[in-house]
Amino acid sequence: RYVPPSGPTSVGGVSATPDLYYYKVVFSQNLSADVQIYHAAGIPVQTDLKGYDFSFLHLNRLWLVRGNKIIASSQDTAQVFNGDDALEFEAGDNSNVTNAASLTTRVGNSIYAVLLLFKDGQLYVLIGSNPEDMVGPLKIADIGITAPETLAIIPSYEVGPGISRPIAVWQSSDGIYMSDGFSVNLLSQDIADRFDDRKSTCINRTYVSSSFGAYDEKYNGYHWCYAEGSATAPDQEWVYRFGVSKWFEIDRTAAKRLKGLVPVKDASGNSYMYGLIASGYMERLENGPTFDGVNITYSFWPGDLALYQGDMAVETQLRGIKLVCKANNDTANTISVTHYVDGDTVGTVVTAIAPQKVGRRTTSAYRSVLFDGVTHSTSFSLSSDLGTVGFEPLYLSYYFKGERLDKGMSVGTPVT
């Protein structure tokens with residue numbers, strides 16, 4: 001630090017008022033008469049950045065995370081972490097930040113840069129584009145991420161009529177959630193049993209962090225893979241299809257379970273989803289009627305229905321089943337049909353349906369049956385390696401007659 005002498009108030013034209021650093025250079029020998037020093041400069045020494053847990057990009061900056069501490073480079077750089085434009089802060093309590101999501105969203109006429117910061121049991125948000133106008137990080141929910149590899153960004157999701165925003169989707173301790181940075185909503189109501197410890201289909205809590213997920217941009221779906229029951233590695237795959245807001249299951253068989261998901265784009269910007277399997281191959285998903293050389297089995301099974309006005313007190317006699325589906329003239333296989341009454345675990349096989357119909361885009365088939373029960377459910381399946389999509393059901397209708405009060409009911413018993 002520069003210490004001014006007692007006499008003059010300046011040295012070499014430099015004011016003595018501010019605190020200054022200086023260097024004294026001493027030569028071990030006298031310099032030759034023709035040597036003239038005309039410039040002196042310092043060489044900055046870089047500081048090694050080591051031991052950070054993960055990194056991500058946001059606002060064209062490189063962000064590094066260690067524990068709950070976050071640093072960000074100056075804008076448009078990946079190596080400058082000092083100066084007025086660099087950032088350093090802590091997110092909430094001492095628990096670790098385990099993942100982050102960068103979103104850019106519009107609210108009214110304003111554009112907001114939103115950074116979501118995830119912990120095991122908390123969600124924080126940092127809003128703003130420049131250090132001087134940033135707000136946060138603020139905790140917006142006690143809903144964290146239990147499996148960092150399940151985080152995915154959906155570029156456009158309709159949060160309201162005519163209003164679309166990018167959202168983040170992830171697995172928490174009690175469900176699959178989504179957020180646009182302003183609200184947090186549950187996405188897994190239809191598969192709530194996957195997070196119900198009383199059900200055999202519940203996620204294995206010991207291996208909850210092994211789950212992974214990714215967004216399939218081409219088919220607008222979120223793939224979620226997790227370990228069920230006593231499984232020690234992800235053995236289940238479910239897909240949430242945005243647009244129709246429905247979940248469905250994909251069973252690739254035990255030998256071909258996915259071990260990872262890789263969304264990619266080709267040189268023309270087309271999106272594809274690839275999956276990693278245990279045999280060492282990376283397979284393109286949703287690409288034809290086979291997977292790794294094995295026929296895909298297409299299954300369609302609606303839930304139990306009380307056919308007479310939804311009344312669980314009335315027994316009905318199912319007399320006919322009609323299925324309408326897209327015609328598949330590429331296969332010679334048929335659609336298997338099985339009917340279940342009153343929650344049966346083993347159903348009754350019904351005559352198979354042929355999906356072929358030359359000269360038609362669709363085909364329909366009616367099967368006469370005779371089943372008595374309060375609830376009815378019918379499953380349909382087709383295994384085929386031919387056609388772009390093997391089985392595409394369109395409509396299902398039942399022909400039935402309301403018979404009587406359920407056998408378990410008696411005259412005068414209130415109907416609830």
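I began with Cys 325 in this predicted model, and I noted that Cys 325 counts as buried, its relative accessibility being 1%. I then turned to Cys 225, which I also recorded as buried, with a relative accessible area of 2%.

Next I asked how many disulfides the structure holds. I found zero disulfides, and for Cys 225 I looked up the reason: the closest cysteine sulfur, that of Cys 202, lies 17 Å from the sulfur of Cys 225, which is too far for a bond. I kept in mind that a disulfide is a covalent bond joining the sulfur atoms of two cysteines.

For burial over the whole chain, I noted that buried residues account for 39% of the 416 residues. On the exposed side, I wrote down a surface of about 24100 Å², of which carbon and sulfur atoms supply 50%.

I looked up the secondary structure and listed 30 strands and zero helices for the chain. I then took the contacts between residues at least 6 apart in sequence, and I saw that 51% of these contacts in the chain join residues at least 24 apart.

On overall shape, I compared the radius of gyration of the chain, 32 Å, with the value near 22 Å that a compact globule of 416 residues would have. I set beside this the extent of the C-alpha trace, which spans about 115 × 55 × 45 Å along the principal axes of the chain.

My last entry concerns charge: I recorded 33 positive and 44 negative charges in the chain, and I noted that the mean positions of the two sets are 6 Å apart.

Note on methods. Residues numbered from 1 in each chain as written. Predicted model: local features only at pLDDT ≥ 70, side-chain atom pairs only at ≥ 80, totals over all residues. Heavy atoms only, no water. Helix = DSSP H or I, 4+ residues; strand = E, 2+ residues; numbered from the N terminus. Rg over C-alpha atoms; globule rule 2.2 N^0.38 Å. Buried < 20%, exposed > 50% of the residue type's maximum accessible area, 1.4 Å probe, protein only. Contact = heavy atoms within 4.5 Å. Areas by Shrake-Rupley, 256 points an atom, 1.4 Å probe, with all protein chains shown as cover. Lys, Arg positive; Asp, Glu negative; His and termini not counted. Charge placed at Lys NZ, Arg CZ, Asp CG, Glu CD. Disulfide = S-S within 2.5 Å.
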